[in-house]
Amino acid sequence: MTVTYSSQVANARLGSFSRLLLCWRGSIYKLLYGEFLIFLLCYYIIRFIYRMALTEEQQVIFEKLTLYCDSYIQLIPISFVLGFYVTLVVTRWWNQYENLPWPDRLMNLVSSFVEGKDEQGRMLRRTLMRYVNLGNVLILRSVSAAVYKRFPSPQHLVKAGFMTPSEHKHLQKLSLPHNSFWMPWVWFANLSTKAWIGGRIRDPILLQSLLNEMNTLRTQCGQLYAYDWISIPLVYTQVVTVAVYSFFLACLIGRQFLNPAKAYPGHEMDLVVPLFTFLQFFFYAGWLKVAEQLINPFGEDDDDFETNWIVDRSLQVSLLAVDEMHQDLPPMERDMYWNEPEPHPPYTAASAQSRRPSFFGSTFNISLDKEDMEFQPDLEEQEGAHSGIIGRFLGLQSHDRQSPRTNSKTKLLCPKKEVLSHENQPKNLGGAGQNTSDQEDSKAWKGEDVFKSVVLYARSGYHSAPQTPLSHTPMVFPPGQSAPSSLRRISGIDDPVKDQSLQPATPRSKKSFELLPENAGASTEHPEVTHMRRKTVEFNLMDMSEAPEHLREPHLGQSTSNIHTILKDHGDPYWDLEDRDEAHS
C-alpha cells in the first residue's frame, strides 16, 4: 500500500516533459530506435575507415566526396515533400475519427420517440438499437483488423448476440457479391415505419427526425468504407520514403568531420558525436514514422483506434438508454441555487487560483472628466431648426445667414462659371455688367434661384438623364409657328439666346445656319463673344399641316418676328430633329 502510494506521488510530481520522455508505449522512441541504431553504427564505421584504414591519397578522395555530398545534400526537398505528405495523412486520420459510428444521438431519439413500457415497446426499442450496433460492427470488421479477428464470421456475430439466427438467414438469403453492412440500416428504417403505423411513434415529423439521424450514421459508415477502399496513392508514399532514406544515406558521408589540419572550410572542429545530424535524423525519420502509423488508424498499433472498445461501449450504452432508462426519470427537486439570482459554485483549494472576475471589455475601466462627459448641442440643428426636410435636402439657404452653404447644385454650377470667367466672357449672357455679377457673387446664393437661372444643359443631372433637345442651341421654327409648350418647357432657351437670329453660314448650304447677334455691329466690338455665340444648326422640319395636334399649339411666348430663317422644304412625313449638329465657325 505504501509503495503504491509513493509511486503515485512520484508519478504526479514528474513534469509533462519527463513523462513524455519516459513513456514507451506508443512513443516515437519505440518506432525509431531500430533505424537510429543502424544509422549510428554506419556513421562510426565510416568514420573509423576514414581515419584508420585509408591511405593519404584515399583520404583525399574521400574528403572530396564528403565536400561534394555536403554541398549538394540540400537539393533534396525533404522538408517540402515530407511536410505535405504528413499534412495529408493527418487530415485523413482526423476525418476517419470523425466518421466513427457513435450511436448516442440515435439512441436518444429512439428512447424519446418510440413509446410503450410494455414488452412490445421494449422489444421494439431494443431491436432498433441492435440493428444500429450490428451495422456498426459489420463496417468495423470490414476496415479494422482487430474487430475482424474478434468476429471473423457471421456465426460469431450470432453467438455474440449482435444478430439472431433468423436475421442471419435473411443475410444469407440476400447475399450479394458486395459488402452487406448496409442491410441492418434498411431493417431499421422499415421497423421504424412499422412502429409509426402501429402508433408507437405519434407524429410523422418524429419519424422523419429518427430516419434523418439514422441516415447520418449510415453515411458515416459509408465514409469509413470509402477511406478503406481509396487510400493514399502508393507512388506518393514511395517518393517520400525514398527521399528521406536517400537524404540520410548522403548524410553518412557528407556529415563526417574531416581532418582539421587540412583546413577545409567548415571543418575547423573535429567532434566525435554529430549532434545536429542525429537530431535531424530523429525529427525527419520520426516525421515519416508518424505518417506511416496514422495512414491506417484501424490497425493494431499502439496509436490506432480502440475499435473493440468502441463496439463494447456502444452496445452497452445504447441498450441501457432505450430499456432501463426509458421514461425512468429522477424526481424533480429544487436546486441549491433556487433563490439565488447569481449562483457562485465553490472552488477547491487546488483550483482557487483559477478564479477570475468577469470580463466586461477593454474600455470598461476608462475614466473621463466630468466636462468631457457632457453632451454638446448640435449647432447645425439650432441654425436650421426653422427649415424643413425639403429645404435641408435641397440645401436652401435662409436670407439671414451670413455665409452661404455649398450644396451639390452650387458645386456643379461653380466650375462652369469659373470657366466662363477664365475665358474673359461675360458671366451673365443676358448682358448684365461685371459689377452686377460681382455683387451677386458676394451675396448668399439661394439654391432654388440659382438652379432656375441656369440653362438646361448646365443643370445637375442633365447629362445623366438627357432629354430632347440634346444641345443648348435653341430650336427655330418657321415664321408664324411657335415652339410647342412641351418643347419650350425643356428647351432651356433663355433671354440672351432668344434675341439671336439665324442667317445662312454659306450661300450653298440651305440646311446650315449661324446664330448671329441681332445687332451686327456687336460682333465687331467683342469678337471673342461673337466666336462663342456663333453656332451652326441643321434643321429638318416636316410639313406643319401633318404635325400632331399637340405640336400645333398657338404661339404663347414672345413673337418670333425678329427671327429670320431660310428653310428647305422636305417631304418627310414626320418632324425630324435628328440633324442637330453643333459646330463652331
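Here, partly exposed means a relative accessible area between the buried limit of under 20% and the exposed limit of over 50%. Keep that scale in mind for the stops below, and remember that the model you have open is predicted.

**The whole chain**

Start with everything shown as a cartoon. The protein chain has 24 helices and 3 strands. Of its 585 residues, 32% count as buried. If you switch on a surface, you are looking at about 38,700 Å² of accessible area, with 59% of it belonging to carbon and sulfur atoms. Among contacts between residues at least 6 apart in sequence, 71% join residues at least 24 apart.

**Salt bridges**

Side chains of opposite charge can pair when their charged atoms come close. A search of the whole structure finds 16 salt bridges; here are some to select.

Pick D104 and R313 to begin. Their closest N and O atoms are 2.7 Å apart. Because D104 belongs to helix α6 and R313 to helix α15, this pair ties together parts 209 residues apart in sequence. Is R313 buried or exposed? R313 falls in between: its relative accessible area is 22%, so it counts as partly exposed. D104 is partly exposed too, at 22% relative accessibility.

Next, select D118 and R200, a salt bridge whose closest N and O atoms are 3.0 Å apart. D118 sits in the loop between α6 and α7 (119-143), and R200 in the loop between α11 (183-197) and α12, so the bridge joins parts 82 residues apart in sequence. D118 has 37% relative accessibility and counts as partly exposed.

Now move to E300 and K149, which form a salt bridge with the closest N and O atoms 2.8 Å apart. E300 lies in the loop between α14 and α15 while K149 lies in helix α8 (residues 145-150), so parts 151 residues apart in sequence are tied together. At 49%, E300 counts as partly exposed; K149, at 56%, counts as exposed.

Finish this part with E35, K289 and E292, which are linked in a network of salt bridges.

**Around N99 and Q220**

Select N99, in the loop between α5 (78-98) and α6 (104-113). With 14% relative accessibility, N99 is buried. Which residues does N99 touch, beyond those up to four places away in sequence? They are Q220, Q223, L224 and Y227.

Follow the contact to Q220, in helix α12 (residues 204-229). Setting aside sequence neighbours within four places, Q220 is in contact with E98, N99, L100, P101 and W102. You can also draw a distance from the C-alpha atom of Q220 to that of N136: the two are 9.7 Å apart, although 84 residues separate them along the chain.

**Two backbone stops**

Most residues other than glycine have a negative phi. A263 has a positive phi, near 55°; look for A263 in the loop between α13 (234-254) and α14 (275-294). A263 is exposed, at 61% relative accessible area. Q327 also has a positive phi, of about 55°, and is found in the loop between α15 and α16. Q327 counts as partly exposed at 48%.

**Surface patches**

Bring the surface back and colour V272, V273, L275, F276, L279 and F283: together they make a nonpolar patch of about 620 Å². V273 lies in the loop between α13 and α14 and is partly exposed, at 44%.

For the last selection, take D369, E371, D372 and E374, which form a negative patch. D372 is in the loop between α15 (307-322) and α16 (379-383) and is exposed, with a relative accessible area of 55%.

How values were computed. Residues are numbered from 1 along each chain as its sequence is written. This is a predicted model: local features need pLDDT of at least 70, side-chain atom pairs count only at pLDDT 80 or more; totals for chains, interfaces and linings use all residues. Side-chain values use heavy atoms; hydrogens and water are left out. Patches are made of residues with over 30% relative accessible area and no salt bridge: like charges are joined within 9 Å, nonpolar side chains (Val, Leu, Ile, Met, Phe, Trp, Tyr) within 5 Å. Accessible areas come from the Shrake-Rupley method with a 1.4 Å probe; for residues, only the protein chains shown count as cover. A salt bridge is a side-chain nitrogen of Lys or Arg within 4 Å of a carboxyl oxygen of Asp or Glu. Lys and Arg count as positive and Asp and Glu as negative; His and the chain ends are not counted. The place of a charge is taken as NZ of Lys, CZ of Arg, CG of Asp or CD of Glu. Helices (H or I, at least four residues) and strands (E, at least two) are DSSP runs, numbered from the N terminus. Buried means under 20% relative accessible area, exposed over 50%, partly exposed in between (1.4 Å probe, protein chains only). Contact means heavy atoms within 4.5 Å.
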